[in-house]
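Subject: The structure for you to look at

Hi,

Here is the structure I said I would pass on. Open it next to this email and follow along as you read.

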Amino acid sequence: MLCELVQRLLGEGYKVVLRPHPEKAKQIFMEQIAEKFKAVEGEMFVYDTTPRMSKELMEEAFVIIGHGSSVVQTFPLTTFKPAILFMPDKEFFTRNSLDSKFVANEKTHILAHSVDEILEICQQLQRDSQAHQQEIKAYREEHIYNLGRSNQFIANFIEKLVLKVQNDKKHIGG
């Protein structure tokens with residue numbers, strides 16, 4: 001399925017950067033996939049096994065496609081670009097009694113169950129990426145870093161802590 005995805009994305013004119021999980025980078029099936037697309041490597045296909053995704057790659061990408069790695073979780077929050085969470089098994093959440101929201105945040109992730117769905121999502125994102133970026137930015141500011149009120153919360157916490165320490169010293173006789 002991964003070969004099909006890469007092939008279809010390349011066929012639609014998308015540049016593909018294949019970044020396997022570090023534990024899978026040296027597995028035979030990943031090396032076979034990299035070998036299969038070696039002819040277009042450098043232009044439209046990159047097999048990236050570096051330990052960390054570069055800032056340049058993150059800036060260049062308009063979306064990341066994965067299935068639940070930490071990079072898929074953090075990419076949207078650091079770039080304001082959505083992640084496509086590829087889950088071919090449509091019954092995964094039901095079968096495991098999980099709410100999909102625990103894995104796929106509706107503000108930062110788009111759930112896809114097939115290669116066709118991924119291609120449709122990519123086309124839609126290219127037409128209207130600004131709306132997704134604004135939604136992710138608002139979500140991050142309100143729910144992740146809470147930048148609007150965090151400094152006041154921290155200042156209040158420190159002030160309460162200092163007052164408690166001062167009161168404790170008075171009661172002990174210090």
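Below is what I found in it, taken piece by piece.

One thing before you start: this is a predicted model, so please keep that in mind throughout.

Let's begin with the sheet. Three strands make up an open sheet, in the order 3-4-5, and they pair in parallel. At its edges you'll find strand 3 (64-66) and strand 5 (109-112), each of which pairs on one side only. On average, neighbouring strands here are turned by 25° against each other, direction ignored. If you zoom in on strand 3 and strand 4 (residues 83-86), you'll see two parallel strands joined by 3 bridges. Look for Ile65 there: it stands opposite Ile84 in strand 4. Then add helix 6 (residues 115-127) to your view, as it packs on the sheet and touches strand 3, strand 4 and strand 5. The direction of helix 6 makes about 145° with that of strand 5.

Next, helix 4 (residues 70-79). Which of its residues are buried? They are Val72, Phe75, Pro76, Leu77 and Thr79. And what covers them? The cover includes helix 3 (55-60), helix 7 (129-144) and our three strands from the sheet, namely strand 3, strand 4 and strand 5.

Right after helix 4 comes Phe80, in the loop that leads from helix 4 to strand 4. Have a look at its backbone: Phe80 isn't a glycine, yet its phi is positive, at about 65°. Ser97 is another one to check, with a positive phi near 50° in a residue other than glycine. You'll find Ser97 in the loop between helix 5 (92-95) and strand 5. Is Ser97 buried or exposed? Its relative accessibility is 68%, so Ser97 counts as exposed, the cut-off for that being over 50%.

Last stop: the surface. Ile154, Phe157, Ile158, Leu161, Val162 and Val165 together make a nonpolar surface patch of about 540 Å². One of them, Ile158, sits in helix 8 (residues 150-172). Ile158 has 46% relative accessibility, so it counts as partly exposed; that label covers values between 20% and 50%. When you look at the spacing of the numbers in a patch like this, one general point helps: an α-helix has 3.6 residues a turn, so residues three or four places apart point the same way.

Have fun clicking around, and write back if anything is unclear.

Cheers

Conventions:
Residues numbered from 1 in each chain as written. Predicted model: local features only at pLDDT ≥ 70, side-chain atom pairs only at ≥ 80, totals over all residues. Heavy atoms only, no water. Pairing = 2+ DSSP bridges. Helix = DSSP H or I, 4+ residues; strand = E, 2+ residues; numbered from the N terminus. Axes fitted to C-alpha atoms, helices over the stretch in contact; angles between N-to-C directions. Contact = heavy atoms within 4.5 Å. Patch = residues over 30% accessible without salt bridge, like charges linked within 9 Å, V, L, I, M, F, W, Y side chains within 5 Å. Areas by Shrake-Rupley, 256 points an atom, 1.4 Å probe, with all protein chains shown as cover. Salt bridge = Lys/Arg side-chain N within 4 Å of Asp/Glu carboxyl O. Buried < 20%, exposed > 50% of the residue type's maximum accessible area, 1.4 Å probe, protein only.
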